[in-house]
Amino acid sequence: MALYFEVHPDNPQPRLIKQAAALLQQGGVLAVPTDSSYALVCQLDDKAAVDRLRRIRGVDDKHHLTLLCRDLSELASYARVDNRQYRLLKLGTPGPYTFILDATKEVPRRVSHPSRKTIGLRVPEGAALQALLELHGGPLLGTTLIAPGETQSMNDAEEILARFDKLIDGVIDAGACPSQPTTVLDLTPMERGGDPEVVREGRGKLAALGL
């Protein structure tokens, strides 16, 4: 059975966040609130947990997983970023945007895109997730929580617990979050002087990035 952590949305209780972080260290998969919808997350370097996350979500190795980072400095350790890309990243972080960039060698090959060697990265808002990332001490690997066979992302913690109780290890409930996916931008064309490509328009406003 999954553990249920009901935390304050602005001042999450450190004791509960510590318990949730311990589950991740033990190879767990958690459902966590983000500034777009709930996401499934696990440790980046835990192959068994990553495989399990993909099975729960119902996606194969061609599906882009996302690195959830605390801030831009952490993001830059896992992706190659030039000056043009960095200016755009500064405008969109923290916030409901996912940026596709070329992965560095810090990213295990099994979690980057199999043919392109790219990775999706984001810096989410939200006190509970930021506290979890801080305590974990590094990025988490995540994917939008959409039940297999459905298209709508999930945003209600109790519904997630009822549906995934035997599949995941924990749910962090910090109140309802938006039920809208991130805006996904592929920044790799910028390396060749091109413009960012909009892969998916979601909660993040393109105008806020000057696009």
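This is a short chat about charged residues in a predicted model.

Q: What kind of model is this, and what pLDDT do side-chain atom pairs need?
A: The model is predicted; local features need pLDDT of at least 70, side-chain atom pairs count only at pLDDT 80 or more, and totals for chains, interfaces and linings use all residues. Residues are numbered from 1 along each chain as its sequence is written, and side-chain values use heavy atoms, without hydrogens and water.

Q: How many salt bridges are there?
A: Seven. A salt bridge here is a side-chain nitrogen of Lys or Arg within 4 Å of a carboxyl oxygen of Asp or Glu.

Q: What does R122 pair with?
A: D35, at 2.0 Å from N to O. R122 sits in strand β6 (residues 118-122) and D35 in the loop between β2 (30-33) and β3 (38-43), 87 residues apart. Strands are DSSP runs of E, at least two residues; helices are runs of H or I, at least four.

Q: Are those two buried or exposed?
A: Both R122 and D35 are buried. Buried means under 20% relative accessible area, exposed over 50%, partly exposed in between (1.4 Å probe, protein chains only).

Q: And R70, which residue does that one bridge to?
A: E134, with the closest N and O atoms 3.8 Å apart. R70 lies in the loop between β4 (66-68) and α3 (72-78), and E134 in helix α5 (residues 127-136). Salt bridges with shared partners join R70, E74 and E134 into one network.

Q: Why does E134 count as exposed?
A: Because its relative accessible area is 52%.

Q: Why is R70 just partly exposed?
A: Because its relative accessibility is 23%.
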